[in-house]
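Here are my notes on this one, written for someone opening it for the first time. Have a look at the structure, then read through the points below.

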Amino acid sequence: MAGKRKLAREDWADAALEALCEGGVAAIAVEPIAAKLGTTKGSFYWHFANRDALVEAAVRRWVEQDTEALITLLDGISDPVRRLRELFELVFGARDEERAELALLAHAGDPVIGPLLAEVTARRVEFIVRCFREMDCPEAEARHRGLLAYTAFIGLIQAQRASGGTLLSSVERPDYLEFLRGIITR
């Protein structure tokens, strides 16, 4: 047999994250993921001690892709006003990432997911707060603006889910984004 690729830990983490998005934390099951990857449970045990380790790896993969990579990208922009504008456009315009966000928020009480979600929330808010501090906002105001920006994002995706996506149409979204950015950065 030629060309069968050896699976890496990241392959399992990506597949587990996809399972989480599709069916919640209960969907992160070793056998179905192994079947989807075209491998056996033995491959799983080569990379992970147990299912919780796979769940943690999936969440950490999401953190790397949807938080750390974005912060690294945006930190390359020296102007904090432009950095925030780019953040708003990237985050509020990215519908695919909302699937993982919503799935993880739904499982914030999970003993593996909860602490990681708390860490990433703090990291994201601190990044936004830092941008406002660099815009010469006093500390308390920078914190309030950072919290408002983050909770507006979380609130919007939760409300969109609750409304079946009808609360804010795709056509309205850019105007709403501009309105929100203006309120928060005023």
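In which helix do E178 and R181 both lie, and how many residues apart are they? They both lie in helix 9 (residues 173–185), 3 residues apart, which is about one turn of the helix.

Before the points, a word on the basis. This is a predicted model, with local features needing pLDDT of at least 70 and side-chain atom pairs counting only at pLDDT 80 or more, while totals for chains, interfaces and linings use all residues. Residues are numbered from 1 along each chain as its sequence is written, and side-chain values use heavy atoms, with hydrogens and water left out.

1. Staying with that helix 9 pair: E178 and R181 form a salt bridge, with the closest N and O atoms 2.3 Å apart. A salt bridge here is a side-chain nitrogen of Lys or Arg within 4 Å of a carboxyl oxygen of Asp or Glu. Helices, by the way, are DSSP runs of H or I, at least four residues long, numbered from the N terminus. The two partners fall into separate exposure classes: E178 is partly exposed because its relative accessibility is 37%, and R181 is buried because its value is 14%. (Buried is under 20% relative accessible area, exposed is over 50%, and partly exposed is in between, using a 1.4 Å probe and protein chains only.)

2. How many salt bridges are there by this rule? The count comes to 16. One of them joins D75 to R130, at 2.9 Å from N to O. That pair links distant parts of the chain, with D75 in helix 4 (residues 51–75) and R130 in helix 7, 55 residues apart. D75 is partly exposed, since its relative accessible area is 38%, and R130 is partly exposed too, at 24%. If you follow the contacts further, D75, R83, R130 and E134 turn out to be linked in a network of salt bridges.

3. Helix 7 also supplies R124, which forms a salt bridge with E101, the closest N and O atoms being 2.7 Å apart. Here again distant parts of the chain are linked: R124 sits in helix 7 and E101 in helix 6 (residues 95–106), 23 residues apart. Are these two buried or exposed? R124 is buried, and E101 is as well.

4. On cysteines, the disulfide count is 0, a disulfide being a pair of cysteine sulfur atoms within 2.5 Å. Why does C131 not form one? Its closest cysteine sulfur, in C137, is 11 Å away, so the distance is too far for a bond. As for exposure, C131 counts as buried because its relative accessibility is 0%, and C137 is buried with a relative accessible area of 16%.

5. Take a look at D136 while you are there. This residue is found in the loop between helix 7 (113–134) and helix 8 (139–162). Its phi is near 70 degrees, a positive value in a residue other than glycine. For context, most residues other than glycine have a negative phi. D136 is exposed, since its relative accessible area is 70%.

6. Last, V81, found in helix 5 (residues 80–92). V81 and T185 are 104 residues apart in sequence, yet 8.2 Å apart in space, C-alpha to C-alpha. V81 is partly exposed because its relative accessibility is 44%.

Methods: Helix = DSSP H or I, 4+ residues; strand = E, 2+ residues; numbered from the N terminus.
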